[in-house]
Amino acid sequence: MTDLRNAIVELYRTAASSLPSDVDASLRHARGKEEKGSNASAALAAILENIRIARETGRPLCQDTGVPVFFVKIPCGVSHLAVKSSIVKATRIASRTIPLRPNAVDVLTERNSGDNTGNGFPVIYCEETKGSSIAIDLMLKGAGSENIGQLYKLPMEEIGAERNLEGVRRCVLDAIYKAQGKGCPPYIIAVGIGASKDQVTRLSKEQLLRKIEDVNSHQTLSAFEKRLLRDVNRLGIGPLGFGGKTTALGVKVGVNHRHPASYFVDVSVSCWANRRAQLIWKLQS
Amino acid sequence: METAELKVDCSTLDSKGAKTIHLPLTEDAARSLHAGDRVFINGLIVTGRDKLHNYLFNERPPKKRIPFHLEGSIIYHCGPIVKKTANRYQLIASGPTTSMRLEMYEPRIIAEYGVRGIMGKGGMGEQTLHALRENGCVYLHTIGGAAVYLADRVQKVLDVWKLDEFGMTEAMWLFDVKDFPAIVTMDSHGRSLHDELQENSYRELKKLVRMK
């Protein structure tokens with residue numbers, strides 16, 4: 001598993017320093033839409049320059065290298081514990097060599113572990129796959145945007161949200177209105193709808209792995225995502241909260257079945273620096 | 001569609017429309033800055049975020065116990081990545097963190113330590129706006145996430161305080177910055193561009209909620 005560990009260190013490096021090309025392209029497009037001379041346009045220019053320097057130098061493009069979140073698909077017969085152990089070891093090495101900012105803090109002692117490992121840190125979700133390769137998606141989730149996420153339990157009278165997609169639309173608008181520019185827009189907004197709190201928060205996070213241009217395979221949801229993006233951008237919060245046309249680059253929605261008595265909606269938000277990277281690890285037969 | 005575009009007369013942060021400021025700032029200099037001004041900051045600034053604010057607020061160390069001169073300087077809400085090499089600190093990335101978390105601490109810190117600028121991202125609230133007016137101070141918004149771009153505007157990491165106690169992220173770092181770009185978004189005359197933007201987005205929100 002040493003080779004896998006080293007590959008995960010490189011996965012960290014890619015995620016931290018090289019923004020995915022779809023996000024980069026979307027930010028360039030957004031800059032073209034902002035008024036010349038506006039603060040929004042200037043902020044996006046600085047962001048694009050930052051992306052370039054980070055990619056060329058291998059330095060983390062944001063000092064908050066976030067909470068590492070792993071989504072791992074593992075073929076039948078391969079030990080999940082062994083893969084998790086490789087991830088933890090790789091995290092320690094990556095923290096030192098890239099370097100990542102040490103972000104794992106013990107809640108009781110307030111001590112920072114110094115290497116981004118601790119209880120439930122990094123976050124690792126494993127599931128079995130029918131394929132013959134290990135597929136690892138890594139997301140470096142910055143705290144500024146994580147802090148503006150919201151979990152809703154519908155119906156919710158304060159925001160006039162009933163248990164339907166119109167209610168979900170109100171949740172998304174409420175969350176982004178409250179966030180204003182605090183979480184580094186333009187945002188990528190992800191929504192999870194379903195039966196239990198833990199499930200919808202994970203479901204929304206998974207939506208953040210989708211590319212900006214990805215179209216939802218369900219027609220109703222695809223139209224809903226477009227509508228939400230248009231509406232959110234009418235709030236006018238703009239890049240970094242300087243005002244402007246682009247408050248979000250994309251909105252992605254995932255649904256599970258719900259309980260008759262429950263309708264949970266989780267809104268997870270990524271900052272413009274939606275750092276994700278994928279590793280496909282072929283197993284030797 | 002109504003958006004709160006903040007009109008300025010230059011196309012990038014490096015343009016001529018910006019004001020160059022040199023630290024330490026006097027009260028008059030701080031009061032001469034207005035919301036919407038783009039600035040290039042030069043001189044010594046210190047970082048400080050959650051733990052540092054909590055410490056200054058609760059322990060209230062006298063100025064002479066703090067190794068850096070806060071008077072006339074800027075507190076930058078930033079938890080940088082710093083690499084220690086043989087004989088110096090190398091700055092890897094140093095963008096701003098969300099300022100709003102420090103809202104409850106900032107007014108007293110501005111008043112007691114005489115800082116003339118608070119820099120971060122996302123803006124701050126009523127209490128800080130009031131403190132800016134009372135004491136002659138400004139809130140500076142810089143570019144969230146542009147951490148290597150901004151680290152390259154730091155000429156040197158001169159020193160650090162509370163590194164062992166608070167750790168790299170939460171320590172107070174002393175930076176010598178050159179042409180560090182920011183925009184004044186809250187001034188000492190009671191104006192907050194964040195509040196104005198929020199009011200505009202609230203009007204839009206109400207319209208969006210009415211039409212199903």
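Start with two strands of chain B in this predicted model. S4(B) and S5(B) run antiparallel and are joined by 4 bridges. One of the residue pairs is B:Val82 with its bridge partner B:Leu91, which sits in S5(B). Follow the chain from S4(B) to S5(B) and you pass through a hairpin of 4 residues.

Both strands also help chain B meet chain A. The contact takes 51 residues from chain A and 47 residues from chain B. On the side of chain B, the elements that give two or more residues are strand S4 (81–84), strand S5 (89–93), helix H5 (147–151), helix H6 (163–170) and H7. Which of them gives the most to the side of chain B that touches chain A? It is H7(B), with 9 residues. Sorted by class, this side of chain B has 22 nonpolar, 18 polar and 7 charged residues.

Now look at H7(B) itself. This helix covers residues 193–210 of chain B, 18 residues in total. At 1.5 Å a residue, it should span 26 Å. Its end C-alpha atoms are 26 Å apart, so the expected span and the model agree.

Which residues of H7(B) are buried? They are B:Leu193, B:His194, B:Leu197, B:Gln198, B:Ser201, B:Glu204 and B:Leu205. Look down the axis of H7(B): these buried residues fall within an arc of 125°, so they line one face of the helix. The other side of H7(B) has exposed residues: B:Glu199, B:Tyr202, B:Arg203, B:Lys206 and B:Arg210.

What do the buried residues of H7(B) pack against? They pack against strand S9 (172–186) of chain B, together with helix H6 (165–179) of chain A.

That last helix leads us into chain A. H6(A) lies across three strands, namely S4, S5 (187–194) and S7 of chain A. It runs at about 40° to S7(A).

These strands belong to a sheet. In chain A, 4 strands form an open sheet in the order S4-S7-S5-S6, with mixed pairing. Why do S4(A) and S6(A) each have one side without a neighbour in the sheet? Strand S4 (150–153) and strand S6 (248–255) of chain A stand at the edges, each with a single partner strand, so one side of each is left free of a neighbour there. From one strand to the next, the twist averages 15°.

Finish at one edge of this sheet. S4(A) pairs with strand S7 (residues 264–270) of chain A in the antiparallel sense, over 4 bridges. Here A:Leu151 has A:Asp266 of S7(A) as its bridge partner.

Note on methods:
Residues are numbered from 1 along each chain as its sequence is written. Chains are lettered from A and ligands numbered from 1 in the order in which they are written. This is a predicted model: local features need pLDDT of at least 70, side-chain atom pairs count only at pLDDT 80 or more; totals for chains, interfaces and linings use all residues. The expected span of a helix is 1.5 Å times one less than its number of residues. A residue is buried if 20 or more other C-beta atoms lie within 10 Å of its own, exposed if 12 or fewer, and partly exposed in between; C-beta atoms are placed from the backbone. The arc is that of the directions from the helix axis to the C-beta atoms. Two residues are in contact if their C-beta atoms, placed from the backbone, lie within 7 Å. Ala, Val, Leu, Ile, Met, Phe, Trp, Tyr, Cys and Pro count as nonpolar, Asp, Glu, Lys and Arg as charged, and the others, Gly among them, as polar. Two strands pair if DSSP finds at least two bridges between them. Axes are lines fitted to C-alpha atoms, for helices over the stretch in contact, and angles run from 0 to 180 degrees between N-to-C directions.
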